[in-house]
Amino acid sequence: MSANVSTSVDAPTVLDPHAVHVLFVASEIYPLAKTGGLADVCAALPQALCAQGLDVQLMMPAYPDALYQLVAPRPVVDLGEVLPGARVRLIHGHMPDSGLPTWLVDCPSLYRRPGTPYRDPDGRDWPDNARRYGVLCHAAARMALNRCGLAWVPHVVHCHDWHTGLLPLLLQLGGGPRPSSVFTIHNAAFQGNYPLATLAKLGLPEHLASAEGIEFFGQMSFLKAGIRYADKVTTVSPTYARELCTPEFGFGMEGLLNARRDDLHGIINGIDDQLWNPQADPYLPFRYRATELGGKRGCKRVLQDMLGLDPDPMAPLAVSVSRLTQQKMADIVLQQLPVLLQRHSRLQFALHGNGDREIESGLMAMAAQWPGRVAVRIGYSEALAHRLHAGADLLLHPSRFEPCGLAQMYAMRYGTVPVVRRVGGLADSVVDTSQGAGRATGFVFDAANGAAFVDAVERGLGTFYAQPDSWSALQRGGMHADFSWRTPAQAYMQLYAQLLGVVLMERDQAGSGPNLPSLIRHLARPRWRETASRQAS
Ligand code: ADP
Ligand code: GLC
């Protein structure tokens, strides 16, 4: 790639990545808010993009915890009422860990509530979630369309999951020059579908209430809006991108996704390898590396002690850290674990998670039946998640569908061998032992049933007991695998460049400062205006 900046008509514009502004908009970003992998991705990917030189800022709702944790918060602009009765201020500050510039969308009546971002403390969805995330999209659109006089305006708006689905649409409805949009599907099972009457309440034109608009089985759909109106649609693994186009995994969106197949890209997630690093993890009682696993044995001993499991260093310890839902086959784990515990007298199992109330109580009953062998901790704790990944031998991660899955990558980085179903990102990140000793990192099964799950766990236990060398090779394979964000971030960067019609300099060729004049020249080119004037139809 040439290091020369060129703005001639024929040659592509070559830009220093500093010149490209990207706004990430999401409902949760770690550590300000987290209920699952979405928050991890929206924290780590922007850091990786910044490491490549891009100028990335973040935006999310001003939940109480987010306001509390934001560093140097400063109300910057009053947007007024973005929807009737919803007055919004933008608060600017920085992420407590990465220092990334962050915008909080402050609308106290909508976001300053207890519970999780989506649910009240009793686990019920907030009844006004359509309005809550509609307001997020309207506020982001005003900012992105440069309607509030800020010095920093994005060239690419990167939207995540259904909560931000209306944003690509609102950018198009703006009618004037606009930034490009990327919509990433982290989980198509969550769609944000509401009665059609909600359209008007969200300030959207009536004509969108059709199959060609955002009507979806008689409702309006945030997810459909994102898929239909974003310039590019991505999802979090190549396998899930293919699966999404099928009725089995598309949750009704497969037709639309097939129609947009040329604009649909599957880019596997990475993990934050600083935060998830067994050599330097502050949550662990001992640290370790692939070449010296003594510390991992220490972590297992402390974990067994902490959870009241029998202090048996040779017992295979299987763990799960997960939402307890149908997606994660938590029902199958609950059904099949007693079978495995009966057949394998030293097997131990520890679980940390929360979700479906029936599954939670079933698991607690199981723990009571198997003292010393089963430990269940219902709840949500980052520290315990790290300790389980470090202290375990096996991670049990069966899923009916899994867009990417991060837990299996965390586990592998900590020398814990995953048992996963061959779906989505699990298929893309775990290599089964049938693929040969040198490459394998875990045990992969196909059928979504208890027998296939039990069979895969037993393959794992067989290797653990009888083939210590193969077991060590599996551990090393996982610990040495590259799950960093570097390569995925480069793929996103190429996508942004394609949308802007430019070539971005590689990191070592780019200077250290912004290259604004060349971008401004680029934005004046016809291609930008063409994109900008495309209308929502
Ligand atoms: P999903 O987003 O579908 O839940 P992922 O594997 O992508 O699945 O991400 C889950 C994230 O949430 C991981 O960071 C995992 O460690 C974390 N996690 C899930 N349940 C818990 C819990 N009870 N306590 C702490 N972390 C959890
Ligand atoms: C979703 C998916 C999960 C994915 C995560 C981050 O929550 O269920 O598979 O890893 O988003 O992209």
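Two strands count as paired here if DSSP finds at least two bridges between them, and with that in mind I would like to walk you through this structure, which is a predicted model.

Let me start with the antiparallel strands. Strand S5, which covers residues 86–94, is joined to strand S6, residues 101–106, by six bridges, and the two run antiparallel. Within that pairing, arginine 89 of S5 has aspartate 106 of S6 standing opposite. The two strands form a hairpin with six residues between them, and in that turn glycine 99 has a positive phi of about 75°.

On the N-terminal side of S5 there is another hairpin. Strand S4, residues 71–83, pairs with S5 in the antiparallel sense over eight bridges, and valine 77 is found opposite leucine 90 in S5. Two residues lie between the strands of this hairpin, and glycine 85 takes a positive phi near 85°.

Next, a strand with parallel partners. What is the sense of the pairing between S2 and S7, parallel or antiparallel? Strand S2, residues 21–25, and S7 run parallel, joined by four bridges, and valine 25 has cysteine 159 in S7 as its bridge partner. S7 also pairs with strand S8, residues 180–185, again in the parallel sense, over five bridges, and here histidine 158 is partnered by valine 182 in S8.

As for its surroundings, S7 spans residues 156–160 and is mostly covered, with five of its five residues buried. If you look at the two faces, Val156, His158 and His160 lie on one side, while Val157 and Cys159 lie on the other, and all of them are buried.

There is also an open sheet of three strands, in the order S9-S11-S10, with antiparallel pairing. Strand S9, 193–195, and strand S10, 215–216, stand at the edges with a single partner strand each, and therefore one side of each is left without a neighbour in the sheet. Between S10 and strand S11, residues 219–221, there are two bridges, and these strands run antiparallel; phenylalanine 216 stands opposite glutamine 219 in S11.

Turning now to the helices, a packed pair is described by the angle between the two axes and the distance between them. Helix H5, residues 166–173, packs with helix H7, residues 222–229, at an angle of about 55°, and their axes are 6 Å apart. Because of that angle, H5 is oblique to H7, and the crossing of the two is left-handed. On the H5 side the contact is made by Leu166, Pro168, Leu169 and Gln172, and on the H7 side by Phe222, Ala225, Gly226 and Tyr229. These contact residues divide into six nonpolar and two polar, with no charged residue in the set.

The last element I want to show is helix H13, residues 382–391, where nine of the ten residues are buried, so the helix is largely enclosed by the rest of the structure. The buried residues include Glu382, His386 and His389, along with Ala383, Leu384, Ala385, Leu388, Ala390 and Gly391. What do the buried residues of H13 pack against? They pack against two helices, H10 (294–307) and H14 (407–413), and against the strands S14 (317–324), S15 (348–355), S16 (374–378) and S17 (394–397).

That is the tour I had prepared, and I am happy to go back to any of these elements.

Definitions and conventions
Residues are numbered from 1 along each chain as its sequence is written. Chains are lettered from A and ligands numbered from 1 in the order in which they are written. This is a predicted model: local features need pLDDT of at least 70, side-chain atom pairs count only at pLDDT 80 or more; totals for chains, interfaces and linings use all residues. Side-chain values use heavy atoms; hydrogens and water are left out. Axes are lines fitted to C-alpha atoms, for helices over the stretch in contact, and angles run from 0 to 180 degrees between N-to-C directions. Angles under 35 degrees count as roughly parallel, over 145 as roughly antiparallel, 65 to 115 as roughly perpendicular and the rest as oblique. A crossing is left-handed if the near helix is turned anticlockwise from the far one by less than a right angle, and right-handed if clockwise. Contact means heavy atoms within 4.5 Å. Ala, Val, Leu, Ile, Met, Phe, Trp, Tyr, Cys and Pro count as nonpolar, Asp, Glu, Lys and Arg as charged, and the others, Gly among them, as polar. Buried means under 20% relative accessible area, exposed over 50%, partly exposed in between (1.4 Å probe, protein chains only).
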